[in-house]
Amino acid sequence: MKLILLFVVMLIPFVIEAEGSQQGISAEGGLSGYPFLPGSSVLQRGFLRVQGKLEYIDMKEDGRNYVLLPLSITWSCIDNLEFGSEIPIYLDDSSFDGNLLGDISAGCTWLYETARGGSALVFKGLITLPTGSEGRDTGSELAFGIATSTTFRLLKLHTAASYVLNGGSNPFKGRITDYMKFSAGGASYITSDLQIICGLDGTTSGDLGLAATLSTYSVNRMALFVSMRAGLSGNTQYSLSAGVAWTMPVP
């Protein structure tokens, strides 16, 4: 019941009458993109984006489930470069007690090249600190990757890949492992303010999922979105989320 009420609260802004629109959603680590689909754009210089979303995750293993509130911030003070950070807060955890904070991440995106027709190439870097509970969060990670996009008629195609080093809860004592993350998908506007995003994401360690996001930019300087991901393999059964991102100019 609490989960339903929280989702209702998050969706209230959908009915607010807007004066204008401004696009902007954060992906993993607070970097520009879409849920489960890293983007190939960066925040405009002199702008700040704050995002919060409510997320429910159902795990296959032992019937575990989580309710969390990932909060992220994105900032650009240099042309073609943005910085991002994300802090997940666990509101309800069926397996662990006491620690509300998840693994904190921070990173940056550099727009390397753009071309006519909406094509772009970016380089991304992301570091994750082991501030969450061991066994629930991934622990310390360092990731480097690229993302690119191109436009075909009304569809913008995205693809991304990154190399990840994982050191667990203690990278100085534990065994360091590595794997690849990948994603591919597309985004298309249904109307001038309503966008749908679909994609496939996974890792070489066995995780694979299919995700869809619906976003509206009808509220001035805000993006409001709902997202669903179904786990095709790996430990995640499915996840549901709803959130809001607010983009504003800063001095």
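The following conversation introduces a predicted model of one protein chain.

Student: What kind of model is this, and how are residues numbered?
Tutor: This is a predicted model, in which local features need pLDDT of at least 70, side-chain atom pairs count only at pLDDT 80 or more, and totals for chains, interfaces and linings use all residues. Residues are numbered from 1 along each chain as its sequence is written, and side-chain values use heavy atoms, with hydrogens and water left out.

Student: How many helices and strands are there in the chain?
Tutor: The chain has one helix and 14 strands. Helices (H or I, at least four residues) and strands (E, at least two) are DSSP runs, numbered from the N terminus.

Student: What share of the residues count as buried?
Tutor: Of the 251 residues, 43% count as buried. Buried means under 20% relative accessible area, exposed over 50%, and partly exposed in between, with a 1.4 Å probe and protein chains only.

Student: How do strand 8 and strand 9 pair?
Tutor: They pair in the antiparallel sense over 13 bridges; two strands pair if DSSP finds at least two bridges between them. Ser149 has His158 in strand 9 as its bridge partner. The two strands form a hairpin with two residues between them, and Arg153 in the turn has a positive phi of about 55°.

Student: And strand 9 with strand 10?
Tutor: Strand 9 and strand 10 also pair in the antiparallel sense, over 12 bridges. Asn166 has Thr177 in strand 10 as its bridge partner.

Student: Which residues make the nonpolar surface patch?
Tutor: Ile127, Leu129, Leu142, Phe144, Tyr163, Leu165, Ile176 and Met180 make a patch of about 690 Å². Strand 7 (120-129), strand 8 (140-152) and strand 9 (155-168) each give two or more residues to the patch.

Student: Where is Met180 found?
Tutor: Met180 lies in strand 10 (residues 177-189). Met180 is partly exposed, with a relative accessible area of 33%.

Student: New topic: is Ser215 buried or exposed?
Tutor: Ser215 counts as buried, at 0% relative accessibility. Ser215 belongs to strand 12 (residues 208-216).

Student: What does Ser215 touch?
Tutor: Not counting residues up to four places away in sequence, Ser215 touches Ile25, Asp193, Leu194, Gln195, Ile197, Ala223, Leu224 and Phe225. Contact means heavy atoms within 4.5 Å.

Student: How far is the side chain of Ser215 from the backbone oxygen of Leu224?
Tutor: A polar atom of the Ser215 side chain lies 3.5 Å from the backbone oxygen of Leu224.

Notes. Patch = residues over 30% accessible without salt bridge, like charges linked within 9 Å, V, L, I, M, F, W, Y side chains within 5 Å. Areas by Shrake-Rupley, 256 points an atom, 1.4 Å probe, with all protein chains shown as cover. Salt bridge = Lys/Arg side-chain N within 4 Å of Asp/Glu carboxyl O. Polar contact = N/O pair within 3.5 Å; in protein donor to acceptor, adjacent residues only side chain to side chain.
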